[in-house]
Amino acid sequence: MKGNNKYSIGEFSEKTGISIRTLHYYDEIGLLQPEKHPTSGHRIYDHQDILTLQKIISLKFLGYSLDKITNLLKESSFSVDLNETLTLHLQALEKDKERIEQSITAIKRVIKLLEKEGEVDSAILFSLIHGIQTENIQKEWMERHMLADVMEELSNKTEEEKITLDQTFIQLAKEVKQLYGKPVEDPKVQEMIKTYIEASFKFLGDDLMERLAETNVEELDVQELENMTSPFTEDEQDWLNQAMEYYMKQTESE
């Protein structure tokens, strides 16, 4: 049927790379409706249909829905008014890009953690993934408490440094589950706290630790941050906080 630039649906699909199923759907919704053979009813596509399909593909590439594309195809030209919808689509695509980049970061970090650890408790692993997922919320929390520069320095840490801290956190979480309920002054509890705090100090560095220590943050706000990332129950978190407070008091008195 290639005479006079006419194509059957199979030929048109092969020429354009669009599946026959998609072409059927576009016809059904009125997006791309080719000529029909008067007796057989078979679809007959021509060069104009190729041009229309190119427009559809271009508008899909920009992120428009098929409903919106149907309306845009009726326009003979576009003015600056199109900028408003293009800007909205750009913003949506930037959000998608940010989400995809976060997903890639999370996947890479989880792969490396599982390679190093072999096995990780699901609650702890999901907590770490959630921590990566909510980095923007944590950033807002930091900015709200005048800690934007701290967040910036943390974001500049290498992935290897972050994974090392994740491993320390995994070990802490394991030990919290094992030791929870023991007196906070128990030597094993205090050794657990000492190991984690020393690793955190090493990760953060002296300058960041001093800035964090000087920050006046309400207890309720600290709980808000903990709730974003903690894999612990409320009782476990309270016990852990008490154990850390005891450790800090003992350290100050030495």
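Q: What makes M192 count as in contact with residues beyond its neighbours within four places in sequence, and which residues are they?
A: In this predicted model, the partners of M192 outside those neighbours are L172, E175, V176, L179, W239 and L240. The test for each pair is heavy atoms within 4.5 Å, and these six residues meet the test with M192.

Q: Which residues of the largest nonpolar core touch the most other members?
A: The core has 24 residues, and those touching the most other members are I124, L172, V176, M192, I193, W239 and L240. Helices α5 (82-117), α6 (122-133), α9 (159-179), α10 (187-204) and α13 (234-253) each supply at least two of its residues. Helix α9 gives the largest share of this core, at seven residues. Apart from this core lies another, of 17 residues, including I9, I56, L59 and L72.

Q: Why are α10 and α13 described by the word they are, given how their axes cross?
A: Their axes come within 10 Å and cross at roughly 80°. Angles of 65 to 115 degrees count as roughly perpendicular, and therefore α10 and α13 are roughly perpendicular to each other.

Q: Which residues of α10 and α13 meet, and how do they divide by class?
A: From α10 come V189, Q190, M192, I193, K194, Y196 and I197, and they meet W239, L240, A243, M244, Y246, Y247 and M248 of α13. By class, this contact of α10 with α13 has 12 nonpolar, one polar and one charged residues.

Q: What makes the pair α1 and α3 parallel, perpendicular or oblique?
A: Helix α1 (residues 9-16) and helix α3 (residues 47-61) have axes that come within 12 Å and cross at roughly 45°. That angle is not under 35 degrees, nor over 145, nor within 65 to 115, so α1 is oblique to α3. As for handedness, the crossing of α1 and α3 is right-handed.

Q: Which residues make the contact of α1 with α3?
A: F12, K15 and T16 in α1 meet D49, I50 and L53 in α3. The residues of this contact comprise three nonpolar, one polar and two charged.

Q: How do you know whether F12 is buried or exposed?
A: The relative accessibility of F12 is 0%. Buried means under 20%, so F12 counts as buried. Its place is in helix α1.

Q: Which residues does F12 touch, not counting those up to four places away in sequence?
A: F12 touches Y7, L23, L32, Y45, D46, D49, I50 and L53. One of these partners, Y45, is 33 residues from F12 along the chain, while the C-alpha atoms of the two are separated by 6.7 Å.

Q: Why is D166 called buried or exposed, and where is D166 found?
A: D166 is found in helix α9. Its relative accessibility is 10%; the limit for buried is under 20%, so D166 counts as buried. Leaving aside neighbours within four places in sequence, D166 is in contact with R109, L113 and L128.

Q: What does the chain as a whole come to in helices, strands and buried residues?
A: The secondary structure comes to 13 helices and two strands. Of the 254 residues, buried ones make up 30%.

Q: What part of the contacts with a separation of 6 or more joins residues 24 or more positions apart?
A: Such residue pairs account for 65% of those contacts in the chain.

Definitions and conventions. Residues numbered from 1 in each chain as written. Predicted model: local features only at pLDDT ≥ 70, side-chain atom pairs only at ≥ 80, totals over all residues. Heavy atoms only, no water. Axes fitted to C-alpha atoms, helices over the stretch in contact; angles between N-to-C directions. Helix = DSSP H or I, 4+ residues; strand = E, 2+ residues; numbered from the N terminus. Left-handed = near helix turned anticlockwise from the far one by under 90°. Nonpolar A, V, L, I, M, F, W, Y, C, P; charged D, E, K, R; others polar. Core = buried A, V, L, I, M, F, W, Y, C linked by side-chain atoms within 4.5 Å. Buried < 20%, exposed > 50% of the residue type's maximum accessible area, 1.4 Å probe, protein only.
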